[in-house]
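The following explanation leads through the structure shown below, from individual backbone features to strand pairing and the packing of the interior. Please keep the sequence and the model in view while reading.

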Amino acid sequence: MAINFYGKHKMAGVNECFSIGSVVMCTNCFDEEIEGEVLGFEPTTKMLILKCPSTNNNPLLNNINIVNLAFAKDVQVKKESSFNPPPLPSLNLNRLNNRIKTQIQDKKRQISAMSANVSPEAQKLYLTITKTIPEVTWQGQNIVVYDQVIISPPYKADNVKGTGNQEDKAILYIKNIVEKFVKDTASQQVSSTPTTHRSKPAAATAAAPQPQ
C-alpha cells in the first residue's frame, strides 16, 4: 500500500464536506489526476484521503493518496455516495482514565527501580513485586513491602524479614514471590548460556615404530 501526499498551489472554492464512499477526482499541482474512493476528509486542514487502484495492478492492494485540497487545482465529485457511516461508539472515559493512571504508575515504578543504586536483578525483583503489590518502596538498598516486610541484599528468600511474626501471611507471600523470581531468573540464565561441544581427539592412524 503506497501513501502519497500532494499539495502546493492554493485553490479556492473547495467543498466543505465529502461523503465516505464517494468517488472524487483531484488535479494536483503537477497536473496529475487522482481519482479514488473517499476514505476520510478533514475540513479544517482540507485533507482528503482517497483509496485508488494499486499502481502495480494487484487487485488485492490499493494506493492511499492524501491530497491537500487547499492547494489542489481542481476537484470533481464523480459519484456521490449515499452511504451513511454508523455512529462512532461512545468512549468509556473512566476506563481510559484508569488506563492512563495505571501506565503513569508503571512508569513511576520503573523510574524508582532504575534510580535506586542496586543491581539489575534487584530492580527486576522490585518491578516483579509491584505487578501485584503497589505498596513497594526503597529504603536504601532494601525493598520494603507493606511498610513492614523488608527484603535485603542479596534478595533471596532468606533475606525476607518482617517486623512481626515470621510466619505472618504477608511475609510468607513475599517469600514465595522472591523464591519464584530467583528460580525463574536462574532458569533463564541456564537457557541463555550457550552449550559447548568438545570434539573428540582424532585417533592415531600411524603405527608406532617397532624396536629393532
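**From loops to cores**

With a relative accessibility of 22%, K46 counts as partly exposed. The model in which this residue is seen is a predicted one. K46 is situated in the loop between β3 (33–42) and β4 (47–53), and its phi is near 60°, a positive value in a residue other than glycine. Most residues other than glycine have a negative phi, and most peptide bonds are trans. The loop that follows β4, between this strand and β5 (62–68), holds N57. N57 also has a positive phi without being a glycine, with a value near 65°. At 68% relative accessibility, N57 is classed as exposed.

A backbone feature of another kind is found further along the chain. The peptide bond joining P153 and P154 is cis, with omega at about 5°. P154 belongs to the loop between β9 (149–151) and β10 (160–162).

The strands before that loop may be taken next. Strand β7 (residues 136–139) pairs with strand β8 (residues 142–145) in the antiparallel sense, over four bridges. Within this pairing, Q139 is placed opposite N142 of β8. Two residues lie between the strands of the β7 and β8 hairpin, where G140 adopts a positive phi near 70°. Strand β8 also pairs with β9, again in the antiparallel sense, here over three bridges. V145 has V149 of β9 as its bridge partner. The hairpin formed by β8 and β9 has three residues between the strands, and Y146 in its turn shows a positive phi of about 60°.

What lies in the interior? The largest nonpolar core comprises 22 residues, and those with the most contacts inside it are I129, I143, V145, I151 and I174. At least two residues of this core come from each of α2 (120–130), β7, β8, β9 and α3 (169–192). Helix α3 provides the largest share, six residues. Leaving aside residues up to four places away in sequence, I129 touches V136, I143, V145, I151 and I177. A second core, separate from this one, has twelve residues, among them V38, L48, L50 and V67.

Helix α2 can be examined face by face. An α-helix has 3.6 residues a turn, so residues three or four places apart point the same way. In α2, the residues A122, Q123, L125, Y126, I129 and T130 are buried. They lie on the same side of α2, because they cover an arc of only 160° around the axis. P120 and K124, on the other side of α2, are exposed.

The cysteines remain to be considered. A disulfide is a covalent bond between the sulfur atoms of two cysteines. How many disulfides does the model contain? The count comes to zero, the criterion being a pair of cysteine sulfur atoms within 2.5 Å. For C52, the closest cysteine sulfur is that of C26, and because the two are 8.7 Å apart, they are too far from each other for a bond. C52 is nevertheless buried, at 6% relative accessibility. C29 is likewise buried, its relative accessible area being 10%.

Technical notes:
Residues numbered from 1 in each chain as written. Predicted model: local features only at pLDDT ≥ 70, side-chain atom pairs only at ≥ 80, totals over all residues. Heavy atoms only, no water. Buried < 20%, exposed > 50% of the residue type's maximum accessible area, 1.4 Å probe, protein only. Pairing = 2+ DSSP bridges. Core = buried A, V, L, I, M, F, W, Y, C linked by side-chain atoms within 4.5 Å. Contact = heavy atoms within 4.5 Å. Arc of directions from axis to C-beta.
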